[in-house]
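Good morning, colleagues. Please turn to the structure on the screen while I describe one of its sheets and then the chain as a whole.

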Amino acid sequence: MKRNILILVVLTILIVAGCSLVPQQPQGPAAPSGGGDEGAAVPAGSGLSADAAAIAQARGLSPDDVTAALKTYMPTGVHDDYLIFASGGHSGQMLVIGAPSMRLLKVIGVFTPEPWQGWGYGAGNEVLDEGNIDGREVRWADTHHPALSETGGDYDGQFVFINDKANSRVATIDLRDFETKQIVKNPVAINDHGATMVTPNTEYVIEGGQYAAPLGWEYAALDDYNTTYRGLVTFWKFDREAGRLDPANSFAIELPPYWQDLCDAGKLVSEGWVFCNSFNAERATGGIEDGNPPFEAGASQGDTDFMHLINLVKAEEVYKAGNFNTVNDFPVISLQTAIDENILYLTPEPKSPHGVDVTPDGEFLVVSGKLDPHVTVYSFDKMMATIEAKKWDTDDYGIPILALDDVKEAQVEVGLGPLHTQFDNQGYAYTSLFLDSAVARWSLGGSFSDLHPEEPWQLVSKISVHYNIGHLLTAEGDTVSPDGQYLVAMNKWAIDRFQHVGPLLPQNFQLIDIANTGDNMQLLYDMPIGIGEPHYAQMIKADKLSPWDVYPEIGWDPSTQSVSPNAVHPGEEKVVRNGKEVEVFMTAVRSHFTPEHVEIKQGDHVTWHITNIERAYDATHGFSIPGYNINLSIEPGEYISFEFDADQPGVFSYYCTEFCSALHLEMTGYLLIEPGPDSSAMIQK
Amino acid sequence: MMAADKFENIVGPRAPQEELAAHRMRYIWPTLCMAGAAILIIISIFLPYWSLVLHAPQYPQGLVVNAYVNHLEGDVSEIDGLNHYIGMRPLGEAAHLERSISIFAISALALVVLAAVFIHSPWSALLALPAILLPPVFLADLYFWLSNFGQNLDPKAALSNAVKPFTPTILGEGIIGQFKTVAYADFGLLLASAASILILVGLYLQRRAYKPLRDKKSAE
């Protein structure tokens, strides 16, 4: 026994001695080349250095300006704490922005071709085609509301969805590679607005409607508005495994023609319910040219519109029981079924509201009437108690209406033109005030009362923004656990905030520090958005995402997220002809394509497979064929294929369109298309 | 009779029971050292013997290649990709024979060291010699291949004008183009080196224990 111990001791000593002989190895990332020096930081609590003070004075910066700069500045190589996923508005794309630096990191091609990513120029064409409407290419979109996928009511960083209001479409983006994987066109509605929102575990992606219309894009005269025009909410089933919405397990519910607006999914206590507001309970049909009140007046006559309470659990049961109609082959639970099966309830909400937002605990719902200076807070408990007591009136369609007094928890006067509300971790709510051009911070009650020093349901403070704020967002501010820290005001007008760039001005994202309590919010940074009018955005803690550095394996097809059977490996490059069908199998690596000569004939149909066989981070290659409208971005490991008809003879230099290496210019090749009788000439012969 | 004598000469004497009882540790130490060395050699097979780190501005994390006795790990394809610019062959083409027999050969020489435990004559040193020489032989072979690759660059390569044939640094720092290279002996080679020292110590202790017995026997 003693001997055994001795053996162990000797061996241990030897091994330890051996290890200590190992030369010092470089640990972790090498020191950044240039910059990144530490030790120059001004100690906390000390004043500015003389140099910094002189700069601040020369530039006319106030102490607040200096602290704002210090709160947002990111030294080279230092990463932001948060990522903002913002709608790209009319650009049809999604913006990815770092916070607090507000640096634009990426514009993800979604509904609209995006040349840098090759999106629509040889890559992603199939996805873009999914967004065609009755065969018509629709290559722009009015993107409105991104929704990050959630697990347990919290962002999980896996997927993000976004809608196209103009054409009622929804796109799915995979956050492993930040690429759009799918576009679905709503078969029932021609436009939407209350999209996208997700249920707490992303079981469903919600797509609420907007302007009432005959279901299924049918024709009906406006005289038949009350009987034929309908609202709609669609529940797209999400298949997380496949990373796609699953139309085969999705359904819609017919709603009254009240112009449903925004929706939000219940969470925690209210999980299983979905809430959508509306703003034309008057059912105005416009016609200013005929002397009728214009929509803006007609839809604003009543004192209240209707919040829609939708029992999604019940609706899913009814759908699964087959109790639905179909419109364009898509299941739609009829309005009558929704009433009969206790799926749908209404409750009044003050004047033309915009937005219904569920508090982090799921207990309260906040609605802002655009034309009412209050936010109205509803209690989910009271709603359920009222439904339980069967205490309601009905509207013209027979839908139960819960009285406002029975379900209201509080009203808070916040200011003029209140729109959207989000939350922080200190028991505060933040409401955008369009007319005041301000953000109101107000105190929540209920379980939030203990988190802040103020009385519940009170305006705490306001901060001016520039100008005409629409949505706002706080860090993870619509989840079950908001982070606080930052708020972004999404301003519609910039007016004088930036250098003039002609009559079309950028939008203005303003970053606001909300970390302190009470009357202590600070405007930090203005970020111009010069690509469209983003409506909504969400801010997620960056460490919740785990995107790929490079595609997992060589030959990876991002459209299937697996290795393609047509992936091309080094040494297997070739050109295969089968009649007029030509297949090119190509690899790309610094600094050459293989093959460098591709010789085909006019009239050939070409399928081109290309694999970037690089494994190095950031070693992306481009690939373009001039004259044929082809341009690809092929990231390390990625496989892409595209097709074209070689109808134009000549010599075409294909080349790498990403500056990949010192010999990037040499990364080229010749596509020789020999003139020949084209297929139509052959047929004539 | 002659053959049996010869065999006994090679195997060497055994310690008598009374001698073992009196000086147990004297006879156990050599066994411990040699057996320990054999274990270290076996462990070393699973560790890199040699590593090379390349530093350049566009590779903030550096590029690493770890050479095991039978394969390469790390950023090999990236390094190969860079090497093609200067016309160097892919690293995977080096030392085919060595890599294909390495596991078998190193296991065998570790077993032979174990066998040497039971040989109490100068012959045991001969048995242990291959294991003792493993580290220098590895380095010599590495040097052969590095210089073979570095001296035989493809003259048609893109950067053949910029980089003349060279012998990469085998241990320590070097510079090629914008790359600073750091090459060092890794855990496997260090364990093998420790094993060499252990074997030498073991052989010395073995000789110290059994030489008196052998001398006594030949005196008889």
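**A four-stranded sheet and its helix**

I begin with a pair of strands: in chain A, β19 and β20, the latter spanning residues 364-369, run antiparallel and are joined by four bridges. One of the residue pairs involved is A:D357 with its bridge partner A:V366, which belongs to β20(A). I should state at once that this is a predicted model.

Which strands make up the sheet, and in what order? In chain A the order is β19-β20-β21-β24, an open sheet of four strands with antiparallel pairing. The edges are held by β19 (353-358) and β24 (408-413) of chain A; each has a single partner strand, so one side of each is left without a neighbour in the sheet. On average, and ignoring direction, neighbouring strands here are turned by 20 degrees against each other.

What packs on this sheet? Helix α9 of chain A, residues 380-388, does so, touching β20, β21 (374-379) and β24 of that chain. The direction of α9 makes about 55 degrees with that of β21(A).

Let me now turn to the whole chain. Chain A contains 45 strands and eleven helices. Its radius of gyration is 29 Å, close to the 26 Å that the globule rule gives for 685 residues, so chain A is as compact as a globular protein of that length. Along the principal axes, its C-alpha atoms fill a box of roughly 85 × 75 × 75 Å. Of the 685 residues, 48% count as buried. Finally, among chain A contacts between residues at least 6 apart in sequence, 62% join residues at least 24 apart.

Terms used. Residues numbered from 1 in each chain as written. Chains lettered and ligands numbered in written order. Predicted model: local features only at pLDDT ≥ 70, side-chain atom pairs only at ≥ 80, totals over all residues. Helix = DSSP H or I, 4+ residues; strand = E, 2+ residues; numbered from the N terminus. Rg over C-alpha atoms; globule rule 2.2 N^0.38 Å. Buried ≥ 20, exposed ≤ 12 C-beta atoms within 10 Å, placed from the backbone. Contact = placed C-beta atoms within 7 Å. Pairing = 2+ DSSP bridges. Axes fitted to C-alpha atoms, helices over the stretch in contact; angles between N-to-C directions.
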